[in-house]
Amino acid sequence: MAALWKRVVQPRTVPAALARPRGWREASLGADLGGAVRVRFAPSPTGFLHLGGLRTALYNYIFAKKHRGSFILRLEDTDQARLVPGAAENIEDMLEWAGIPPDESPRRGGPAGPYRQSQRLELYAQAAEALLRTGAAYPCFCSPQRLELLKKEALRNHQTPRYDNRCRNLSQKQVAQRLATDPKPAIRFRLEVEAPAFQDLVYGWNRHEVASVEGDPVILKSDGFPTYHLACVVDDHHMGISHVLRGSEWLTSTSKHLLLYQALGWQPPHFAHLPLLLNRDGSKLSKRQGDIFLEHFAAAGFLPDALVDIITNCGSGFAENQMGRTLPELTAQFDLARITCHSALLDLQKLPEFNRLHLRRLVSSETQRPQLVGKLQALVEETFGTQLQNRDVLDPAYVERIILLRQGHICRLQELVAPAYSYLWTRPAVGRAQLSAVSEKVDEISKRVLGLLERSDTDVTQAVLNGELKKLSEGLEGTKHSTVMKLLRVALSGQLQGPPVAEMMVCLGPKEVRGRIQKVLSS
């Protein structure tokens with residue numbers, strides 16, 4: 001750093017190493033998308049991917065696919081002290097699970113790598129050097145203790161904490177003297193008095209006079225790691241990012257970033273700041289809410305299409321606003337100009353209904369249904385294990401029949417292994433006393449049902465079976481149809497409530513129903 005500062009005498013042009021790589025076209029103006037569209041999702045791996053992050057990634061992905069561009073995942077991992085083990089892998093895993101995989105990423109690679117900021121430190125050092133040489137940046141020797149005192153003093157006086165720019169006007173001699181004892185100072189960016197105005201593609205014209213409310217920001221820390229402000233500008237430039245779609249919390253920082261672009265002599269991308277995704281009551285989504293992480297929803301059996309559908313349904317940017325949209329439909333409908341400034345209120349209580357719609361769509365697809373069958377087979381094995389007296393219940397045809405019959409009635413596959421549906425996988429222990437409490441005609445009803453099964457086709461439909469059961473009840477003098485159904489339900493499932501008896505019988509199949517009824521007669 002000392003050697004570097006000695007060279008900061010004559011202003012120089014930006015080094016060639018910092019120029020935008022060849023082959024990438026400059027971002028077009030306004031809504032003209034004549035140039036190559038390249039967008040990025042740049043989370044910090046200080047936590048696992050949550051719904052707010054998914055929404056930002058999704059809008060970037062849809063925008064890229066809408067304009068045949070590229071969607072890039074970049075991990076902003078410069079805050080080494082706060083990194084969470086496994087978070088980087090989780091973010092990319094969950095993007096793939098959600099059906100929005102990046103075109104370029106740490107895992108996939110790409111022409112603009114590396115895609116982890118911790119591996120791009122040389123680029124940030126070069127940018128800081130360029131800013132020092134032109135006088136747009138300066139070294140700061142203030143200790144953490146002094147900065148903390150400034151903060152406490154401001155709070156005590158009910159003021160917004162800000163750096164007092166103490167090191168901004170140090171002479172070259174003073175700088176040289178301090179470098180002798182502190183060769184690795186932080187680097188601060190010299191904020192201009194008048195920030196440039198810019199047209200945000202969502203919020204319209206904006207200008208934030210950052211110099212009047214903030215002190216000069218640190219752009220490179222003494223340990224060589226950049227702060228967000230320098231890193232995002234350098235990376236977006238070198239990665240050829242044409243449009244930055246990010247959360248509205250960064251709107252006020254954009255003027256600061258534009259000043260950095262201006263000081264480095266680079267063309268900035270277009271900015272579109274997305275309104276926040278909030279809870280239904282208007283409160284912020286918090287990482288402390290364990291139920292906002294994508295892995296929670298995946299483990300609970302919610303479909304990625306349902307999550308994608310609900311977080312776009314509660315926001316804006318689409319031609320229509322209905323439930324049940326798929327990712328291709330969302331991409332076709334998306335229009336950046338339709339995004340409003342209003343926060344999106346997410347009502348997760350509606351998620352089961354969204355999931356029901358998308359689950360039913362998958363069930364109706366002959367190509368997708370086998371995957372559901374496999375998932376339900378795994379759930380059955382995991383839930384019941386050694387309790388499975390009859391391994392035939394894992395037969396794909398049997399599992400598929402249950403899924404088809406229960407579609408529209410369930411929201412998640414996990415419901416089919418809940419206690420209410422245990423009779424589908426294990427034989428209930430039903431005693432004679434339990435059945436006699438329902439009706440005294442246990443034997444007569446059982447024999448009639450066995451006779452019905454002998455006469456019925458093995459492929460009998462639920463509707464036909466309903467009619468036959470009604471006729472059977474009419475032949476039992478003094479016994480209501482509802483009583484017959486109740487007794488059969490208990491005999492087949494051991495439960496007083498559940499799906500229609502005819503559906504239960506079709507699910508179980510004639511062989512299994514016959515075995516359970518015969519068990520009643522022999523008990």
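Residues are classed as buried under 20% relative accessible area, exposed over 50% and partly exposed in between, with a 1.4 Å probe and protein chains only. The structure is a predicted model, in which local features need pLDDT of at least 70, side-chain atom pairs count only at pLDDT 80 or more, and totals for chains, interfaces and linings use all residues. Residues are numbered from 1 along each chain as its sequence is written, and side-chain values use heavy atoms, with hydrogens and water left out.

The protein contains 21 helices and 11 strands. Both are DSSP runs numbered from the N terminus, helices being H or I with at least four residues and strands E with at least two. The C-alpha trace spans about 110 × 50 × 40 Å along the principal axes. The radius of gyration is 32 Å, whereas a compact globule of 523 residues would have a value near 24 Å. This radius is taken over C-alpha atoms, and the globule rule is 2.2 Å times the number of residues to the power 0.38. Of the 523 residues, 50% are buried. The exposed area is about 24700 Å², with 51% supplied by carbon and sulfur atoms. Accessible areas come from the Shrake-Rupley method with a 1.4 Å probe; for residues, only the protein chains shown count as cover. Contacts are defined by heavy atoms within 4.5 Å. Among contacts with a separation of 6 or more, 75% join residues 24 or more positions apart.

Two helices are mostly covered. In helix 9 (residues 254–264), nine of 11 residues are buried. They are Thr254, Ser255, Lys256, His257, Leu258, Leu259, Leu260, Tyr261 and Leu264. Gly265 follows just after helix 9 and takes a positive phi of about 75°. In helix 11 (residues 304–313), nine of 10 residues are buried. This set includes Pro304, Asp309, Thr312 and Asn313. Ala306, Leu307, Val308, Ile310 and Ile311 are also buried there.

Two helix pairs were examined next. Two packed helices are described by the angle between their axes and the distance between the axes. Axes are lines fitted to C-alpha atoms, for helices over the stretch in contact, and angles run from 0 to 180 degrees between N-to-C directions. Angles under 35 degrees count as roughly parallel, over 145 as roughly antiparallel, 65 to 115 as roughly perpendicular and the rest as oblique.

The axes of helix 15 (residues 396–406) and helix 20 (residues 501–508) come within 9 Å and cross at roughly 160°. Helix 15 is therefore roughly antiparallel to helix 20. Tyr398, Arg401, Ile402, Leu405 and Arg406 of helix 15 meet Glu503, Val506, Cys507 and Leu508 of helix 20. The contact comprises six nonpolar, no polar and three charged residues. Here Ala, Val, Leu, Ile, Met, Phe, Trp, Tyr, Cys and Pro count as nonpolar, Asp, Glu, Lys and Arg as charged, and the others, Gly among them, as polar.

Helix 19 (residues 481–493) and helix 21 (residues 510–522) have axes that come within 9 Å and cross at roughly 100°. This makes helix 19 roughly perpendicular to helix 21. Leu488, Ala491 and Leu492 in helix 19 meet Val513, Arg516, Ile517 and Val520 in helix 21. Six nonpolar, no polar and one charged residues form this contact.

Arg156 lies in helix 5 (residues 144–156). Arg156 counts as exposed because its relative accessibility is 54%. Ser212 belongs to helix 7 (residues 210–213). Ser212 is partly exposed, at 49% relative accessible area.
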